[in-house]
Amino acid sequence: MTLSAAAAERDDDNDEHSDNDSLTSADEALLEMLGFTSWKGGKQDQVFAILQESEEKDGDVYINNDHDCPSVVFDHKYSCCHDHNDSDPAASTSSQVNGSSSSRPPVACNDHSKNFFDGIIQKHNLSTAYHMESCCQFPKECSISQKLMRRLTDELLYGATKYPSDRSYETIQFITTKNGKEGTFSPVLQKRREITRFENFVNGHKEWNDLCNGYLAKLISAVCGEEMVLFKEKLNLKPPGGTGFAPHLDSPSLRIALGAQGPCNFVTVMVAIDDMTEKNGCLRLWKGAWNEYNHVTLMKPEEGGDPDAGGRAGAIHPDCVQDDKFESIVCKGGDIVAFNGWVPHRSSANASLFSRRAVFLTYNPAKEGNFHDEYYINMKGKREEFRQNLKGTKKFRY
């Protein structure tokens with residue numbers, strides 16, 4: 001199934017999410033019913049005006065690693081609604097995890113045979129779509145249980161001691177309401193700091209390891225026609241008000257960490273954890289026959305800049321950005337999308353009341369070597385060097 005076909009199947013979803021008055025999830029509908037939402041009395045128009053003004057001023061930016069990055073959100077203490085287990089998340093039973101349809105992959109993802117993957121790829125012409133458009137969206141029979149994805153995410157979030165990872169934070173700007181005379185609405189802009197990203201967590205978590213190095217590795221290998229190995233993993237939490245990513249390519253920045261000694265070709269597999277909509281800042285792709293010799297013009301990285309922001313390679317030159325070329329990937333939690341390292345992609349800020357979480361897994365051909373651990377060792381050194389250079393400046397946060 002191509003992205004175009006998937007988008008056509010979801011026209012109803014797009015129509016719903018294009019209306020500011022509509023709700024974007026069952027969670028929001030529940031809060032609306034309970035009276036917890038702040039979207040009443042015509043206030044949304046004023047808040048959207050503030051969001052739009054902020055976005056026009058700041059634009060999309062890369063998420064910075066462990067220092068400030070501006071964004072805007074509605075103040076709401078019920079901003080996250082997950083499938084929690086009252087006991088230790090790791091104690092969830094397989095029946096709880098696999099509560100979705102039988103077609104969804106179980107925890108033991110390695111049980112799928114090569115014939116299973118080859119049959120799916122051939123049935124939906126995924127290899128053809130991938131090679132012609134540099135991306136593809138997998139059919140529902142390949143999707144992963146959303147309950148499973150949410151539980152695995154919660155284990156990283158609440159089990160930092162048991163499941164170590166590299167964490168990044170973002171300063172969130174949020175709007176609180178101040179009641180004036182005669183019921184007038186007065187917005188007040190405030191700030192808070194939240195965790196927005198996990199990296200380097202697969203080695204310390206068996207189920208994440210089985211999923212990323214087993215099921216998903218086999219799936220993307222079948223599409224690419226060769227064995228692929230995990231190069232890096234990143235889980236974006238994108239809380240309400242979390243910033244988006246400016247238009248960029250992945251391959252140039254991925255090559256920097258290891259230089260000529262590392263792999264050259266990459267493909268990213270995204271698994272949505274929550275439903276992705278235009279309102280909550282879904283992934284947006286510019287499809288095309290992109291490769292190293294046919295890609296958009298890039299900007300020169302900022303010398304000495306943040307390796308996760310201005311100092312990274314791959315930022316697209318503003319003069320080359322064509323907004324109408326980017327297609328919004330509206331999908332459900334557990335759905336899977338793949339795109340190669342030369343596909344222009346971006347996302348907007350999360351203007352909803354709930355987090356928009358997704359995991360991005362980058363793979364490279366096995367014939368180019370397995371550099372997963374070496375990548376994170378090198379990136380840790382680059383990030384530490386950047387922090388040391390910031391000491392003594394106002395930008396540095398202890």
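## The nonpolar cores

Of the 43 residues that form the largest nonpolar core, Phe138, Trp208, Leu216 and Tyr363 touch the most other members. Helix α9 gives the most to this core, contributing eleven residues. Apart from it lies another core, which has 22 residues and includes Leu249, Ala272, Met276 and Cys331. These descriptions refer to a predicted model, in which local features need pLDDT of at least 70. In soluble globular proteins, nonpolar side chains tend to be buried together.

Tyrosine 363, one of the residues named for the largest core, can be followed further through its contacts. When residues up to four places away in sequence are not counted, tyrosine 363 touches Cys212, Leu216, Ala217 and Ile220, then Met228, Val229, Leu230 and Phe231, and also Asn265, Phe266, Val267 and Val269.

## The protein as a whole

The protein has eleven helices and eleven strands, and buried residues make up 52% of its 398 residues. Among the contacts with a separation of 6 or more, 83% are accounted for by residues 24 or more positions apart.

## Helices packed against α9

Two packed helices are described by the angle between their axes and the distance between the axes. For helix α8 (residues 146-158) and helix α9 (residues 206-224), the axes come within 10 Å and cross at roughly 130 degrees. The two helices are therefore oblique to each other, since this angle falls neither in the range of 65 to 115 degrees that counts as roughly perpendicular nor over 145, which counts as roughly antiparallel. The crossing of α8 and α9 is left-handed. On the α8 side the contact is made by Leu148, Met149, Arg151, Leu152, Thr153 and Leu156, and on the α9 side by Glu207, Trp208 and Leu211. By class, the residues of the contact of α8 with α9 divide into six nonpolar, one polar and two charged. Trp208, which takes part in this contact, is also among the residues that touch the most other members of the largest nonpolar core.

The axes of α6 and α9 come within 9 Å and cross at roughly 50 degrees, which makes α6 oblique to α9. In this case the crossing is right-handed. Phe116, Phe117, Asp118 and Ile121 of α6 make the contact with Tyr215, Lys218, Leu219, Ala222 and Val223 of α9, and these residues divide into seven nonpolar, no polar and two charged. For helix α7 (residues 126-133) and α9, the axes come within 8 Å and cross at roughly 70 degrees, and the two are therefore roughly perpendicular to each other. Here Leu126, Ser127, Tyr130 and His131 in α7 meet Ala222, Val223 and Cys224 in α9, so that Ala222 and Val223 appear in the contact with α7 and also in the contact with α6. The contact of α7 with α9 has five nonpolar, two polar and no charged residues.

## Three asparagines in loops

Asparagine 125 is found in the loop between α6 (114-123) and α7, where it has a positive phi of about 55 degrees although it is not a glycine. With a relative accessible area of 49%, asparagine 125 is partly exposed, because only values over 50% count as exposed. Asparagine 200 likewise has a positive phi of about 55 degrees without being a glycine, and its place is in the loop between β4 (185-199) and α9. Asparagine 200 has a relative accessible area of 24% and is therefore partly exposed.

Asparagine 370 lies in the loop between β11 (358-365) and α11 (372-390), and with a relative accessible area of 56% it is exposed. Leaving aside neighbours within four places in sequence, asparagine 370 is in contact with Val229 and Leu230, two residues that tyrosine 363 also touches. The C-alpha atoms of asparagine 370 and proline 263 are separated by 8.3 Å, although these residues are 107 residues apart along the chain.

## Serine 253 in helix α10

Serine 253 lies in helix α10, which covers residues 251-256. Its relative accessibility is 13%, and because buried means under 20%, serine 253 counts as buried. Not counting residues up to four places away in sequence, serine 253 touches Arg312 and Ala313. Serine 253 and aspartate 308 are 55 residues apart in sequence, while their C-alpha atoms are 9.0 Å apart in space.

Notes:
Residues numbered from 1 in each chain as written. Predicted model: local features only at pLDDT ≥ 70, side-chain atom pairs only at ≥ 80, totals over all residues. Heavy atoms only, no water. Helix = DSSP H or I, 4+ residues; strand = E, 2+ residues; numbered from the N terminus. Buried < 20%, exposed > 50% of the residue type's maximum accessible area, 1.4 Å probe, protein only. Contact = heavy atoms within 4.5 Å. Axes fitted to C-alpha atoms, helices over the stretch in contact; angles between N-to-C directions. Parallel < 35°, antiparallel > 145°, perpendicular 65-115°, else oblique. Left-handed = near helix turned anticlockwise from the far one by under 90°. Nonpolar A, V, L, I, M, F, W, Y, C, P; charged D, E, K, R; others polar. Core = buried A, V, L, I, M, F, W, Y, C linked by side-chain atoms within 4.5 Å.
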